[in-house]
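The exercises below concern pockets, helix packing and charged pairs. Each task is followed by a solution in steps.

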Amino acid sequence: MSSFSTVAVVGAGAWGTALANAAARAGRAVTLIARDAATADAIARARESLRLPGARLDPAIAVSGNASDATKSHIVLLAVPAQALRAALAPFAQDLARGTVVVACAKGIERGTRRFMTEIIAELAPQAVPAILSGPSFADDVARGLPTAVTLAAHDEATAAALCQALGSPTFRPYHTTDVRGVEIGGAAKNVLAIAAGIVAGRKLGASALAALTTRGFAELARFGRACGAQAETLAGLSGLGDLVLSCASAQSRNFSFGIALGEGASPAQAAGGKLAEGAFTAAVLLDIARARGIDMPITDAVASILDGRIDIDAAINGLLTRPFKAEG
């Protein structure tokens, strides 16, 4: 684990570029892997992200369009959307050396299989060590070296701590934990709740309503997490409450912006505007898991129902406002 000197970042979008810069600042030898040779050439020439204009790529970062180059590194960061993680990993999964750490950097649950990101890694690359990186972090902030703190989780504490040493720097501060599932739940659930917060903002229901929604949303997240064996400290930490607060309070959050557009009357397709809002894919599967475990998640239910066209926004809001009074918890 002390030999974590090389890092491959799979996915050359905004988040991949940001993480590549963070790893380079930490002193690692970094290869940023784009989806094809043409994209890699364009990024190599411009030395900046095509998805994050103005965010310069660290001069020391190599750029490749060959996915198999990921097998040459000690750490592989999968900086692709949750629903694309399987397809991004599959081409080189079996060729990874035993003990290679593969870190999911997406926040979501795979639809259809209901698998969390580290479960997909374990399935496709059983010889690798799965890990998860999550927390309150916007790509633009990380790419530019603005102070950011995140959570890095692996099942083995020594591995998690070594990852933090390998990727951390004065402006990118990871905290480690072995609560892998808790970190994954925080990242997945907060995206759905950020859509709900955006709807509240888009409907101009006021700051008090937004604060109430965020707080009750955290209660939902914590309830789900506890039922799935997550640690309370994780849920109340950076990858849970911290990420929820960030995502429910800034238009930089794609999920929050998506919700605002919905609240203003846009259809889901119009609200997306060609951009990815992970929560739109996660809502239904999160609700399915909650129902299977008997977990009450009314806000998640409302978001999933709106996105599936089973209910309109006004009816969903009315349903939440007319729920029976009860003790807080």
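**Exercise 1.** Which element gives the largest share of the lining of the second largest pocket, and how many residues does that share hold?

*Solution.* The model is predicted, so local features need pLDDT of at least 70 and side-chain atom pairs count only at pLDDT 80 or more, while totals for chains, interfaces and linings use all residues. Residues are numbered from 1 along each chain as its sequence is written, and side-chain values use heavy atoms, with hydrogens and water left out.

Step 1. A pocket is an open set of points on a 1 Å grid over the protein atoms alone, where a 1.4 Å probe fits, with protein on both sides within 12 Å along at least five of seven lines; lining residues have an atom within 4 Å of a point. The second largest pocket is lined by 27 residues, and Arg216, Ile299, Leu320, Leu321 and Arg323 lie nearest its centre.

Step 2. Two or more lining residues come from each of H7, helix H8 (207–227), helix H14 (298–307) and helix H15 (313–321). Helices here are DSSP runs (H or I, at least four residues), as strands are (E, at least two), numbered from the N terminus.

Step 3. The largest share, six residues, belongs to H8.

**Exercise 2.** Describe the volume and lining of the largest pocket.

*Solution.* Step 1. Its volume is about 1,400 Å³, a volume being the space filled by probe spheres set on the points, which are joined across faces, edges and corners.

Step 2. The lining of the largest pocket has 50 residues, with Ala14, Trp15, Pro81, Arg254 and Leu276 nearest the centre. H11 provides the largest share, four residues.

Step 3. By class, this lining holds 27 nonpolar, 14 polar and nine charged residues. Ala, Val, Leu, Ile, Met, Phe, Trp, Tyr, Cys and Pro count as nonpolar, Asp, Glu, Lys and Arg as charged, and the others, Gly among them, as polar.

**Exercise 3.** Classify how H7 packs against H14, and how H4 packs against H7.

*Solution.* Step 1. The axes of H7 and H14 lie 9 Å apart at an angle of about 75°. Axes are lines fitted to C-alpha atoms, for helices over the stretch in contact, and angles run from 0 to 180 degrees between N-to-C directions.

Step 2. H7 and H14 are therefore roughly perpendicular (65 to 115 degrees; under 35 is roughly parallel, over 145 roughly antiparallel, the rest oblique).

Step 3. In contact (heavy atoms within 4.5 Å), Val192, Leu193, Ile195, Ala196 and Ile199 of H7 meet Ile299, Thr300, Val303 and Ile306 of H14. These residues are eight nonpolar, one polar and no charged.

Step 4. The axes of H4 and H7 come within 9 Å and cross at roughly 125°, which makes H4 oblique to H7.

**Exercise 4.** Which residue forms a salt bridge with Asp243?

*Solution.* Step 1. A salt bridge needs a side-chain nitrogen of Lys or Arg within 4 Å of a carboxyl oxygen of Asp or Glu. The structure holds 15.

Step 2. The partner of Asp243 is Lys107, with the closest N and O atoms 2.7 Å apart. Asp243 in helix H10 and Lys107 in the loop between strand E5 (101–104) and helix H4 (117–124) are 136 residues apart.
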